[in-house]
Amino acid sequence: MRKMRCVTAALGAVVLFVATPAMADAHGHPSPTPTPQIRQVSAAVAAPFNLEIGRNRTLVADGGLNLVGKVAKDGSITPLAANQPGASGVALSSNGKTMAFATTETEPSTFENTASGLNIWGPRGSRKYVDTLAYEVANNPDQVINYGVTNPSECVSQAFAAAEIPVSYPGGVDSHAYSVAAQRDGWIVADAGANVLWHVDRKGNLSTFAVMPPEPLLFTAAQADALGLPACVVGVTYNFESVPTDVEVGSDGKIYVTTLPGGPESPVLGARGSVYRLNANGKNVKKVATGFLGATNLALGRGGDIYVAELFAGKISVVHKGKISTFLELPGVVAVETSGTSVWAATMGDEESHSPGTIVEVTVPHK
């Protein structure tokens, strides 16, 4: 029941397909107006986990192709950093002169992450590697959190043990630097293995920015039945690991984070992905929206709107003044970004059908 060891592998294992996007209203029904204008920018990607749009360039971190690249006008990808295993996050500094991207090496047979960190490439060939796995091994910030069930009964303990679900455990050692965002004094890294946000200053010094709170689930009878658990589990609260997948810095300096809820990332336990907001200093972690199925990425729009890529629901949702609605049906969507009035998105490729991944730009005309 613990979160998947390697988020990249987990996402890559999903069977996806590329379909024509469709708009929907707040109730999920097709919306006749306004009709979105959708432009396919590229079909030369495989696992485009993150996009960076700005300064007249579009960058993509592709964990399938193991590279960070620039999207050319013809849709081809010009590698900026090749041979980067598990590339999954990319961001530019405010002046556009420095690029940071996350990489993770994983042992295929065990899904154990054997290396993970942030690469910072600056002007005149300067390069730094910030080792998040080494810091996690030395510090393990979420070890203070007790996941699972607090004070379980004998029946509950036996039930989870029989289902090979850990009944109670502290945060373990694992690092998967997954996404990165530029902050005024450095970078914020979302680590999907360590369950934390890291801060990396301009000199490359690493520190813990925030430990994400656990995701509690009060088991219902239907959920217990779905997992083959006995009646004594009904009404029991299980604290799942909160898995940060993306991080963005708002114009007000506040930090926004999407999370997967740990455990099954299927509808069996319900749509439990969330969006959190933190102060610029990493304090006051507050959940601002929840109920997403596979919240793998977010983007900040105008007027305080928050766009969320829901990989397992195959759509982009938007949080507007606290209310969630479907913005765009887009099977395989894994990344979302905004630029001006446009929403950009990236979809996963599918090996079985040989369908490529895509990058699209979506604009919605004024009514």
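In which strand is Thr-296 found? The views below come from a predicted model, and the first one takes up this question.

**View 1. Thr-296 sits in strand E22.** The strand to look for spans residues 295-300. Is Thr-296 buried or exposed? With a relative accessible area of 1%, Thr-296 is buried, because anything under 20% counts as buried. Zoom in on the side chain of Thr-296 and you will find one of its polar atoms 2.9 Å from the backbone oxygen of Val-334.

**View 2. Strands E12, E13, E14 and E15 make an open sheet, in that order.** The pairing here is antiparallel. Strand E12 (177-183) and strand E15 (206-211) take the edge positions; each has a single partner strand, so one side of each lacks a neighbour in the sheet. From one strand to the next, the twist averages 25 degrees.

**View 3. Strand E14 meets E15 through five bridges.** E14 covers residues 196-201, and its pairing with E15 is antiparallel. For a single pair to pick out, try Leu-197, whose bridge partner in E15 is Ala-210. Helix H2, made of residues 132-139, packs on the sheet and touches E12, strand E13 (186-191), E14 and E15. The directions of H2 and E15 make an angle of about 70 degrees.

**View 4. Residues 4-33 have pLDDT below 50.** For the chain, the mean pLDDT is 90, and 90% of the residues reach 70 or more. The stretch 4-33 nevertheless has 68 contacts in the model beyond near neighbours in sequence. A friendly caution goes with this view: where pLDDT is low, predicted coordinates should not be read in detail.

Note on methods:
Residues are numbered from 1 along each chain as its sequence is written. This is a predicted model: local features need pLDDT of at least 70, side-chain atom pairs count only at pLDDT 80 or more; totals for chains, interfaces and linings use all residues. Side-chain values use heavy atoms; hydrogens and water are left out. Two strands pair if DSSP finds at least two bridges between them. Helices (H or I, at least four residues) and strands (E, at least two) are DSSP runs, numbered from the N terminus. Axes are lines fitted to C-alpha atoms, for helices over the stretch in contact, and angles run from 0 to 180 degrees between N-to-C directions. Contact means heavy atoms within 4.5 Å. pLDDT is the predictor's confidence in each residue, from 0 to 100. Buried means under 20% relative accessible area, exposed over 50%, partly exposed in between (1.4 Å probe, protein chains only). A polar contact is a pair of N or O atoms within 3.5 Å; within protein, one must be able to donate a hydrogen and the other to accept it, and residues adjacent in sequence count only if both atoms are side-chain atoms.
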